[in-house]
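Got the viewer open? Set the chain to cartoon, keep the selection box handy, and follow along from stop to stop.

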Amino acid sequence: RELAEIASRLQAAAMLKAGSTYVAIVQQTKLSSRTVARISGWLKDGPKGYEAVLELAKNHHIHLLPARN
């Protein structure tokens, strides 16, 4: 369950970086709009952890788990 939550958050981060709307992200990931807003804030002003993981996944062809059901 925790892995699915992390996967959903990483998927949301990737979608935010790609320009997806909050509504689309909430529908696809099943995260709350507040969680998506927090992730957006961390992407803009945070310590760049999401960017590091997304870059690692891109550079090493790591496949992230699908979002939770």
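**Stop one: the first helix and its neighbours**

Select the buried residues of α1 and look at what they face: they pack against α2 (22-29), α3 and α4. Bear in mind that this is a predicted model. To light up that buried set, pick Ala7, Ser8, Leu10, Gln11, Ala12, Ala13, Met15 and Leu16 in α1.

Now put a distance between the end C-alpha atoms of α1, and you should read 23 Å. At 1.5 Å a residue, the 16 residues of this helix should span 22 Å, so the two values agree. Step just past α1 and click Gly19, where phi is positive, at about 95°.

**Stop two: the whole chain**

Zoom out for a moment. You'll count four helices and zero strands, and reading along the sequence gives α-α-α-α. Colour by burial, and buried residues come to 32% of the 69 in the chain. As for contacts with a separation of 6 or more, 52% of them join residues 24 or more positions apart.

**Stop three: where α1 crosses α4**

Show α1 (residues 2-17) and α4 (residues 49-59), and hide the rest. Their axes sit 10 Å apart and the helices pack at an angle of about 90°. That angle falls between 65 and 115 degrees, so α1 and α4 are roughly perpendicular to each other.

Which residues meet here? On the α1 side, select Arg9, Leu10, Ala13, Ala14 and Lys17; on the α4 side, select Tyr50, Glu51, Val53 and Leu54. Colour this contact of α1 with α4 by residue class and you get six nonpolar residues, three charged and no polar.

**Stop four: the core**

Next, bring up the largest nonpolar core as spheres. Its twelve residues are Leu10, Ala12, Ala13, Met15, Leu16, Ile25, Leu31, Val36, Ile39, Leu43, Tyr50 and Leu54. Helices α1, α3 (33-45) and α4 each supply at least two residues of this core, and α1 gives the most, with five. As background, nonpolar side chains tend to be buried together in soluble globular proteins.

While you're here, centre on Met15. What does it touch, leaving aside residues up to four places away in sequence? The list is Ser20, Ala24, Ile25, Gln28 and Thr29.

**Stop five: two lysines with positive phi**

Head for the loop between α2 and α3 and select Lys30. Its phi is positive, about 70°, although Lys30 is not a glycine. Is the residue buried or exposed? Somewhere in between: Lys30 is partly exposed, with a relative accessible area of 48%.

Then jump to the loop between α3 and α4 for Lys48. Here is another non-glycine residue with a positive phi, near 75°. Lys48 has a relative accessible area of 36%, which makes it partly exposed.

**Last stop: Val23**

Finish on helix α2 by selecting Val23. With 55% relative accessibility, Val23 counts as exposed, because the cut-off for exposed is over 50%. Add Ser33 to the selection and draw a line between the two C-alpha atoms: Val23 and Ser33 are ten residues apart along the chain, and the separation is 7.7 Å.

Methods:
Residues are numbered from 1 along each chain as its sequence is written. This is a predicted model: local features need pLDDT of at least 70, side-chain atom pairs count only at pLDDT 80 or more; totals for chains, interfaces and linings use all residues. Side-chain values use heavy atoms; hydrogens and water are left out. Axes are lines fitted to C-alpha atoms, for helices over the stretch in contact, and angles run from 0 to 180 degrees between N-to-C directions. Angles under 35 degrees count as roughly parallel, over 145 as roughly antiparallel, 65 to 115 as roughly perpendicular and the rest as oblique. Contact means heavy atoms within 4.5 Å. Ala, Val, Leu, Ile, Met, Phe, Trp, Tyr, Cys and Pro count as nonpolar, Asp, Glu, Lys and Arg as charged, and the others, Gly among them, as polar. A nonpolar core is a set of buried Ala, Val, Leu, Ile, Met, Phe, Trp, Tyr and Cys residues joined through side-chain atoms within 4.5 Å. Buried means under 20% relative accessible area, exposed over 50%, partly exposed in between (1.4 Å probe, protein chains only). The expected span of a helix is 1.5 Å times one less than its number of residues.
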